[in-house]
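Got the viewer open? Let's walk through this one stop at a time, with something to select at each.

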Amino acid sequence: MVTTEIDMKTVTTHLLILFCLSALVIQMPSLAFADEAAANSSSPATESAPSLQDLGFSQAQTQGNAQDQATLDKRSHMLKIHQRWGLATTAPLIATLLLAPGGKSNSSARSLHGGLGIITAGMYFTTASYAIRAPKIPGTKEKGPIRLHKALAWIHGPGMIVTPILGAMADEQRNAGQKVHGIASAHGAVGGITIAAYLASILAVSIKF
Amino acid sequence: MNWKTTITVVALALPNLARADSRWVLESSTLTYHISHPLHQVDGISHDARGKGTCHAGQCDFLIAAPVKSFDSGDSNRDLHMLQVTRGGQYPMVTVRTRLPESASSLSSVTADLDIEFAGQKVPYKQVAFQRSTDGARSRITGTVPCTVADFKIDPPSLLTVPIKNEMPIRVDMTWRTE
Ligand code: HEM
Ligand code: HEM
């Protein structure tokens, strides 16, 4: 009995010493890194490292899909085309303005201006259609200059519909030998506001405020 | 075993028990990417990163991750283009992994080897320097990771046909606490 008791004690002591030593050995790597230079080096992570799930991100957040990327690609592509058409539209727009017939215009000057106006409107709506049809990304909170750019579209959009109609009315009145009168006399002013809003909307997205 | 041995053994073992595997949690963070263009200087900021560090045998493995779309440059349209060029639909997260010795938690400067996964690429950055300061029970880590657009095979976006610069440094400001 006595022998067994001693044996038990010895075993316990050995176990405790063993535990103690192993605990020290586990500490070893950090002891080895005690000096600053060594402490600063590091190596790639292991399996014990945390995972994205440990961080509490959901599967939906961490897993991408080709569909989302395709939507983003399509959107960027269409908006690039939108910008190109938008910039190109400024050429006939300015020309329409410069060739606007004055009070004593002849019919060919009016036709040139009118023709350019129609081309401008056509290109304008092509520009707009790319912006309108570009896929929207759900959950986007609109921020920055794009808000002004879009707000200005509420001025130049209707303006670009009304201006040519008023222009055509003015042209008809002139061809009938009349002075431009009634609502048609607003054509020039409406056209001017439309041009100003359009140019402002280009500036809105190209200049940083 | 006599009582002296027992006490010695227990006394030696206790600090080790106390220093058993510790864990770090990212409490708050500001990650800022900077891109430059002759016409614009852009900072995109995210406060949505989450991070954890698990320490074992004196080594701590850290993972920090943020959704790519959480970076806000103050222009929602630019952010969506950023998401597109960085293939954020396909790879919605940016993750950073690193391993540091536990003892680094008491140093004022730490250099770390980072593995960054972003835009479908995994890029190692060696020996990135960070400053560390203590604020009560918290550790604040600041530094800049010298990322470039080319590292992640990102097609550099251009404005008025001029592309952005290749440099895309990421400023890091993180506050960690132990769990
Ligand atoms: C036809 C007249 C225009 C209309 C109605 C229009 C309308 C719009 C709309 C609705 C958007 C928002 C698209 C979206 O976020 O889904 C947009 C974006 C934009 N537009 Fe226009 N826009 C016009 C002309 C122009 C012009 C002339 C430019 C010239 C540079 C331009 C440049 C842009 C830019 C840069 C964006 C931001 C999209 C991007 O980042 O690519 N737009 N436009
Ligand atoms: C984008 C489209 C257009 C713009 C921005 C535009 C702009 C202008 C401007 C600024 C004027 C000068 C007004 C003045 O001198 O008081 C003008 C005059 C005129 N425009 Fe247009 N215009 C456009 C399209 C058209 C079209 C499509 C037509 C006809 C088919 C037209 C017919 C005329 C006529 C007849 C005048 C002379 C009016 C007058 O004698 O009082 N315009 N336009």
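How far from a nitrogen atom of ligand 1 does a polar side-chain atom of A:H149 lie? The separation for A:H149 is 2.7 Å, a polar contact in the sense used here (a pair of N or O atoms within 3.5 Å; within protein, one must be able to donate a hydrogen and the other to accept it, and residues adjacent in sequence count only if both atoms are side-chain atoms).

Before going on, some ground rules: this is a predicted model, where local features need pLDDT of at least 70, side-chain atom pairs count only at pLDDT 80 or more, and totals for chains, interfaces and linings use all residues. Residues are numbered from 1 along each chain as its sequence is written, chains are lettered from A and ligands numbered from 1 in the order in which they are written, and side-chain values use heavy atoms, with hydrogens and water left out.

**Stop 1: ligand 1**

Stay on ligand 1 and show the residues around it (one heavy atom within 4 Å is what it takes to be near). There are 20 of them, and A:H82, A:Q83, A:H149, B:N77 and B:H81 come nearest. Because residues from chains A and B surround ligand 1, the site is shared between chains. Now pick A:Q83: a polar atom of its side chain is 3.1 Å from an oxygen atom of ligand 1. Try A:K136 as well, where a polar side-chain atom also sits 3.1 Å from an oxygen atom of the ligand.

Colour by secondary structure next (helices are DSSP runs of H or I with at least four residues, strands runs of E with at least two, numbered from the N terminus). At least two shell residues each come from α4, α5, α6 and α7 of chain A and from α2 (76–85) of chain B.

**Stop 2: the iron of ligand 2**

Move to ligand 2 and centre on its iron atom. Its protein donors are A:H113 (NE2) and A:H187 (NE2), lying 1.9 Å from it; donors are N, O and S atoms within 2.8 Å of the metal (3.2 Å for Na, K and Ca), and since water is not among the atoms, sites may look incomplete. The pair links distant parts of the chain, with A:H113 in helix α5 (residues 107–133) of chain A and A:H187 in helix α7 (residues 187–206) of chain A, 74 residues apart.

Why is the arrangement around this iron atom octahedral? Because the 6 donor atoms subtend angles of 87 to 179°; six donors count as octahedral if opposite donors are over 155 degrees apart and all others between 65 and 115.

Both histidines can be checked for burial (buried is under 20% relative accessible area, exposed over 50%, partly exposed in between, with a 1.4 Å probe and protein chains only). A:H113 counts as buried at 14% relative accessibility, and A:H187 counts as buried at 18%. Then select A:R174, where a side-chain N or O atom is 3.0 Å from an oxygen atom of ligand 2.

**Stop 3: a hairpin in chain B**

Switch to chain B, with 2 helices and 11 strands. Select β1(B) (residues 23–37) and β2(B), antiparallel strands joined by 7 bridges (DSSP must find at least two bridges for strands to pair). They form a hairpin with 2 residues between them. Click B:I35, whose bridge partner in β2(B) is B:V42.

Last, show the side chains of β2(B), residues 40–46: B:H40, B:V42, B:G44 and B:S46 point to one face and are buried, while B:Q41, B:D43 and B:I45 point to the other and are not.

Definitions and conventions
Four donors count as tetrahedral if all angles lie between 85 and 135 degrees; four count as square planar and six as octahedral if opposite donors are over 155 degrees apart and all others between 65 and 115; anything else is irregular.
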